[in-house]
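Grab the model and work through a few exercises with me. Each one starts with a task and then goes step by step to a solution.

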Amino acid sequence: RKIGYAIVGLGSYATRQIMPNFAGCEHARIVALVSGTPAKLDSYGAEYGIPKTHRYSYADFDRIRDNPDIDAVYIILPNSLHAEYAIRAAQAGKHVMCEKPMATSVADCQAMIAASRKAGKKLMIGYRSRFEPYNRLAIDLVRGGHVGPTRLITAEHGFPIKPDQWRLDKPLSGGGSMMDIGIYSLNAARYLTGEEPVEVTAVESTDRADPRFRTVEDRISFLLRFPSGVIADCISSYSTGHNSYRIHGTQGWIGMEPATPYAGQSMTIRKNGVTAPRTPPAPAKNQFAAQLDHLAECILTDKTPIVPGEEGLADMRVIEAIYQSAAQGRSVRIGA
Ligand code: NAD
């Protein structure tokens, strides 16, 4: 049996990246669409063969409860709407896949986890890099000590943001570059070490005269200190382009640039004075299909996803500490 997904929000990421990749899935299929725009329901409904009975508006959303074809709901809305729809989906008896950032506060993440738990349903966050072969290889190499014990990580993510979009409107985005793209630097530092940071020091710089940055931040540089002593030096930016990380061990480094795009990752390793590229075996499925299939397999075999709600909550705890550190001009301890 294939798990049936309802796609909530027919914007750019949903229609260009997620929906086309169901074609490569073994265990997942699209069965329903949710949108506030009737013309999108018509055109994507026709394209994906979704009958009119399986097309919903936001006002109708709770009726998904009565549709047994829908096993899971994939929430691909502006960030501040994730919590509401994840909770309503759980209350309708559905499993949830939710885009990153999971929500815009620790409290909302906790409420989402509680709702899924109460409903006895799965909750997974769309951290697609965990299903991407270069990032998986990087994790294996780093944790296996390929370049010696890790001492430092650098991670940089950013892009020059275009004006006039919900990402620049704090009530919808919850914040600026950190919520959107900086989270990739943070998440990578956490998945590469397999540790939770205990302290963060952040510096923010934003030109408030730039009309893009009236309500959200532009650049944040943040340092994470991990229990093992690893330091991660991370960049988040809405005005400069970055997509890389490098793990420095005592015998060399493992570099990824680009590290987390939709395709085209590249890895270089320097070990004992020799620098060489490294390529993982070609995957059977791309990261999008693998992510969609992972939740489906977890539902079919009653397992916990490798990126459950707790993973989104862990990032959000650090993001709140990063904002606090930047605002107060001091280091902030996490989990103390
Ligand atoms: P988008 O603007 O292209 O799409 C958002 C959709 O939400 C639009 O169709 C819009 O009509 C709809 N919407 C519903 N209610 C809305 C409201 N009140 N205000 C504004 N829009 C509303 O955005 P996107 O790039 O598709 O991002 C959606 C989510 O996906 C975000 O959480 C984003 O962080 C995430 N995302 C993840 C990745 C990834 O690689 N994992 C990539 C892009 C986006």
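**Exercise 1. Find where Asp-302 sits, then look at its backbone and its exposure.**

Start with the place: Asp-302 is in the loop between α8 (287-301) and α9. Keep in mind that this is a predicted model. Next, check the backbone: Asp-302 isn't a glycine, yet its phi is positive, at about 50 degrees. That's worth a second look, as most residues other than glycine have a negative phi. Last, the surface: the relative accessible area of Asp-302 is 62%. The cut-off for exposed is over 50%, so Asp-302 counts as exposed.

**Exercise 2. Take the hairpin of β13 and β14 and work out what Asn-272 does there.**

First the strands: β13 (residues 267-271) and β14 (residues 274-278) pair in the antiparallel sense, with five bridges. As one example of the register, Thr-268 has Pro-277 in β14 as its bridge partner. Now the turn: two residues lie between the strands, and Asn-272 belongs to this loop. Asn-272 is not a glycine, but has a positive phi of about 50 degrees. Finish with accessibility: at 57% relative accessible area, Asn-272 is exposed.

**Exercise 3. Trace the open sheet of nine strands and say what packs on it.**

Walk across the sheet: the order is β14-β13-β12-β11-β7-β10-β9-β8-β15, and the pairing is mixed. At the edges you meet β14 and β15 (332-333), each of which pairs on one side only. Then zoom in on β7 (residues 150-158) and β11 (residues 242-249), an antiparallel pair with eight bridges. Within that pair, Leu-152 is matched with His-248 of β11. Finally, add the helix: α9 packs on the sheet and touches β8 (199-205), β9 (219-225) and β15, with its direction at about 60 degrees to that of β8.

**Exercise 4. Is Gly-312 buried or exposed, and what does it touch?**

Locate it: Gly-312 is part of helix α9 (residues 309-328). Its relative accessibility is 1%, so Gly-312 counts as buried. Then list the contacts, skipping neighbours within four places in sequence: Met-102, Cys-109, Ile-125 and Tyr-127.

**Exercise 5. Describe how α3 packs against α4.**

Begin with geometry: helix α3 (residues 82-91) and helix α4 (residues 106-119) have axes 8 Å apart, at an angle of about 10 degrees. Angles under 35 degrees count as roughly parallel, and α3 and α4 are therefore roughly parallel to each other. Who makes the contact? On the α3 side, His-82, Ala-83, Ala-86, Ile-87 and Ala-90; on the α4 side, Asp-108, Ala-111, Met-112, Ala-115, Ser-116 and Ala-119. Sort those residues by type and you get eight nonpolar, two polar and one charged.

**Exercise 6. Work out how covered α5 is, and by what.**

Count first: in helix α5 (residues 133-143), eight of the eleven residues are buried, so the helix is mostly covered. The buried ones are Pro-133, Tyr-134, Asn-135, Leu-137, Ala-138, Ile-139, Leu-141 and Val-142. Then look at the cover, which includes β7, α7 (177-193), β11, β12 (252-256), β13 and β14.

**Exercise 7. Where do the cis bonds at Pro-101 and Pro-258 fall?**

Take Pro-101: its bond from Lys-100 is cis, with omega near -15 degrees, and Pro-101 lies in the loop between β5 (95-98) and α4. Then Pro-258: the cis bond joins it to Glu-257, with omega about -5 degrees, and Pro-258 sits in the loop between β12 and β13.

Technical notes: Residues are numbered from 1 along each chain as its sequence is written. This is a predicted model: local features need pLDDT of at least 70, side-chain atom pairs count only at pLDDT 80 or more; totals for chains, interfaces and linings use all residues. Side-chain values use heavy atoms; hydrogens and water are left out. Two strands pair if DSSP finds at least two bridges between them. Helices (H or I, at least four residues) and strands (E, at least two) are DSSP runs, numbered from the N terminus. Buried means under 20% relative accessible area, exposed over 50%, partly exposed in between (1.4 Å probe, protein chains only). Contact means heavy atoms within 4.5 Å. Axes are lines fitted to C-alpha atoms, for helices over the stretch in contact, and angles run from 0 to 180 degrees between N-to-C directions. Angles under 35 degrees count as roughly parallel, over 145 as roughly antiparallel, 65 to 115 as roughly perpendicular and the rest as oblique. Ala, Val, Leu, Ile, Met, Phe, Trp, Tyr, Cys and Pro count as nonpolar, Asp, Glu, Lys and Arg as charged, and the others, Gly among them, as polar.
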